[in-house]
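Trainee: Please give me a close look at the charged side chains of this model and their surroundings. I would like the cut-offs stated as you go.

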Amino acid sequence: MSDTFQLFYSAQSPYVRKVVIAGRLLGLNDRIQRVPVKTSEVTPPQDLISTNPLGKVPALIVNSAGSKRSVYDSSIILQYLDTVAAPRDRLYPPSSDPARIETLNFEALADGILDAAWLIRAETIRPEGERSAQWIAGQRNKVRRGVEALAGLPLPEFPSAKAVALACALWYLNRRLPDFNWKGVQGGDKLDDWYKRAVEHPAWVEEGDVPPS
């Protein structure tokens, strides 16, 4: 019997979106049960903590032959799901291929953009007198440098981990940093053309979008 999965899920999370888009690309969507969870940096729910001690999404429970185990962090979950999918659907090059490190570097850069954007979002919702303009500027510079670096690389095609990570990073910037004009950075026009094609991919269209909260 094939393994089944439970995914602790928040529709607003770009890291979760990476996993659900990857699940569709890998043909695993019907084996992934989504468990909606209200995340909190202060008091995450106990069932989430039991799966990921950090209390963060995405977190995946793998049900295999009567046993359960946990996998967490979006990149690790993608790599795990890649190992259980049909070989023709793989998102990553094999470990013996030097291109795998290139793929992981690309994904790490896209995820780093997400990390910085999330920190900006967290800072801007603090009371105005407690916000640090210097901190926000530093994170925005990280986002800008990351976007420029990605724009300077060969852009990926679906299905691939690179494409999933890049599409989710740009999706989140559009949602949470609408005043950050990533299309205006060096190479941004090329990224914009790529993103318009990416969101027309069937896996993205089938997942749909969610209204910002």
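Mentor: What follows starts with the ground rules, then takes the salt bridges, the domain contact and a few single residues in turn.

This is a predicted model, in which local features need pLDDT of at least 70 and side-chain atom pairs count only at pLDDT 80 or more, while totals for chains, interfaces and linings use all residues. Residues are numbered from 1 along each chain as its sequence is written, and side-chain values use heavy atoms, with hydrogens and water left out.

A search of the whole structure finds 13 salt bridges, a salt bridge being a side-chain nitrogen of Lys or Arg within 4 Å of a carboxyl oxygen of Asp or Glu. Helices (H or I, at least four residues) and strands (E, at least two) are DSSP runs, numbered from the N terminus. One salt bridge pairs glutamate 206 with arginine 24, and the closest N and O atoms are 3.6 Å apart. It links distant parts of the chain: glutamate 206 belongs to helix H8 (residues 202-207) and arginine 24 to helix H1, 182 residues apart. For accessibility, buried means under 20% relative accessible area, exposed over 50% and partly exposed in between (1.4 Å probe, protein chains only). Glutamate 206 is exposed at 51%, and arginine 24 is partly exposed at 24%.

Arginine 34 forms a salt bridge with glutamate 207, where the closest N and O atoms are 2.8 Å apart. Because arginine 34 lies in strand S2 (residues 32-36) and glutamate 207 in helix H8, this pair ties together parts that are 173 residues apart in sequence. Arginine 34 is partly exposed, with a relative accessible area of 25%, whereas glutamate 207 is buried at 14%. Arg24, Arg34, Glu206 and Glu207 are linked in a network of salt bridges.

Elsewhere, lysine 162 forms a salt bridge with glutamate 102, with 2.9 Å between the closest N and O atoms. Lysine 162 is in helix H6 and glutamate 102 in helix H4, so the pair ties together parts that are 60 residues apart in sequence. Lysine 162 is buried, at 14% relative accessible area, while glutamate 102 is partly exposed at 45%.

Now the domains. The chain is divided into domain 1 (4-84) and domain 2 (98-200), with bounds that come from an automatic or database domain assignment. Their contact takes 14 residues from domain 1 and 16 residues from domain 2, where contact means heavy atoms within 4.5 Å. The C-alpha centres of domain 1 and domain 2 lie 22 Å apart. About 1300 Å² is buried between the two domains, and carbon and sulfur atoms give 64% of that area. Buried area here is the accessible area (1.4 Å probe) that two parts lose on being put together, summed over both.

Between domain 1 and domain 2 the count is two salt bridges. There are also six residue pairs in polar contact between them, both residues at pLDDT 80 or more. A polar contact is a pair of N or O atoms within 3.5 Å; within protein, one must be able to donate a hydrogen and the other to accept it, and residues adjacent in sequence count only if both atoms are side-chain atoms. On the side of domain 1 that touches domain 2, the elements giving two or more residues are helix H1 (14-25) and helix H3 (74-84). The largest share of that side, six residues, comes from H1.

Some acidic residues deserve a separate note. Aspartate 3 lies in the segment before strand S1 (4-9). Aspartate 3 is buried yet has no salt bridge, the nearest side chain of opposite charge being that of arginine 69, 5.3 Å away. Lys and Arg count as positive and Asp and Glu as negative, with His and the chain ends not counted. Instead, the aspartate 3 side chain makes a polar contact of 2.9 Å with the side chain of serine 64.

Aspartate 73 sits in the loop between S4 and H3, and a side-chain oxygen of this residue caps the N-terminal end of H3, 3.1 Å from the backbone nitrogen of serine 75. Aspartate 73 has a positive phi of about 85 degrees although it is not a glycine, and counts as partly exposed at 43% relative accessibility.

Glutamate 123 lies in helix H4 (residues 99-124) and is buried, at 8% relative accessibility. Leaving out residues up to four places away in sequence, glutamate 123 touches Glu130, Arg131, Ser132, Trp135 and Ile136.
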